[in-house]
Amino acid sequence: MKSISDLYDSLLEKLFFAACGILFVMMLMICADVLLRNVPLVNSLHGLSWADEVSEYMLYLITMLSAPWLLRQGRHIRIDIVLRALPAKVGWCCEWLADAIALACCATMVVYGDRKSVV
């Protein structure tokens, strides 16, 4: 079981580093777009017309790639004032219940997202 957990940690770390790489590429792309719009380096090129749309998709991708790693590290935003007020065992059960509900929501989105739309 330990090796499966280590493999999962390794996968999440790789996804997180991929998100960091995409963030870096997005930063370079936006800087190039602003530079090309304001400085006439190439006469026929006035910015990157596709940069806005691509950066929007990159934001979604960064979120999806980095969120599992953040959750595994316990660094995602959370409000745990109620969990701190509860006994430890009850708080642990609430955590598991919230995780199970989140898993069910994700599975539902995968199932409905995979269906072909009928026109």
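Let me start with the lining of the largest pocket, whose residues divide into 13 nonpolar, three polar and five charged, and I should say straight away that what we are looking at is a predicted model. That lining is made up of 21 residues, and those that lie nearest the centre of the pocket are Ala67, Leu71, Arg72, Asp99 and Ala102. As for the space itself, the volume of the largest pocket is about 740 Å³.

Where does the lining of the largest pocket come from? At least two residues each are supplied by α1, which covers 2–38, by α2, which covers 51–73, and by α4, which covers 88–114. Among the contributors, α2 gives the largest share, with seven residues of the lining.

Let me step back from the pocket to the chain as a whole. Its secondary structure consists of four helices and zero strands, so that anyone reading along the sequence meets the pattern α-α-α-α.

How does the radius of gyration of the chain stand against that of a compact globule of 119 residues? The chain has 21 Å, whereas such a globule would have a value near 14 Å. If you take the principal axes as your frame, the C-alpha atoms fill a box of roughly 65 × 40 × 35 Å.

On the matter of burial, 15% of the 119 residues count as buried. The accessible surface of the chain comes to about 10000 Å², and carbon and sulfur atoms account for 70% of that surface. Turning to contacts, if we consider those in the chain with a separation of 6 or more, 57% of them are between residues 24 or more positions apart.

I would like to finish with two individual residues, beginning with Ile79, which sits in the loop between α2 and α3, the latter being helix 81–85. Is Ile79 buried or exposed? Ile79 counts as exposed because its relative accessibility is 79%, and the cut-off for that class is over 50%. Ile79 is 12 residues along the chain from Ala67, and the C-alpha atoms of the two are separated by 16 Å; Ala67, you may remember, is one of the residues nearest the centre of the largest pocket.

The other residue is Ser10, which belongs to helix α1. With a relative accessibility of 30%, Ser10 counts as partly exposed, since that class lies between the limits of 20% and 50%. Although Ser10 and Trp69 are 59 residues apart in sequence, their C-alpha atoms are 9.8 Å apart in space.

Terms used. Residues numbered from 1 in each chain as written. Predicted model: local features only at pLDDT ≥ 70, side-chain atom pairs only at ≥ 80, totals over all residues. Heavy atoms only, no water. 1 Å grid on protein atoms, 1.4 Å probe; cavity = no way out; pocket = protein on both sides within 12 Å on 5 of 7 lines; lining within 4 Å. Points joined across faces, edges and corners; volume = space filled by probe spheres on them. Nonpolar A, V, L, I, M, F, W, Y, C, P; charged D, E, K, R; others polar. Rg over C-alpha atoms; globule rule 2.2 N^0.38 Å. Buried < 20%, exposed > 50% of the residue type's maximum accessible area, 1.4 Å probe, protein only. Contact = heavy atoms within 4.5 Å. Areas by Shrake-Rupley, 256 points an atom, 1.4 Å probe, with all protein chains shown as cover.
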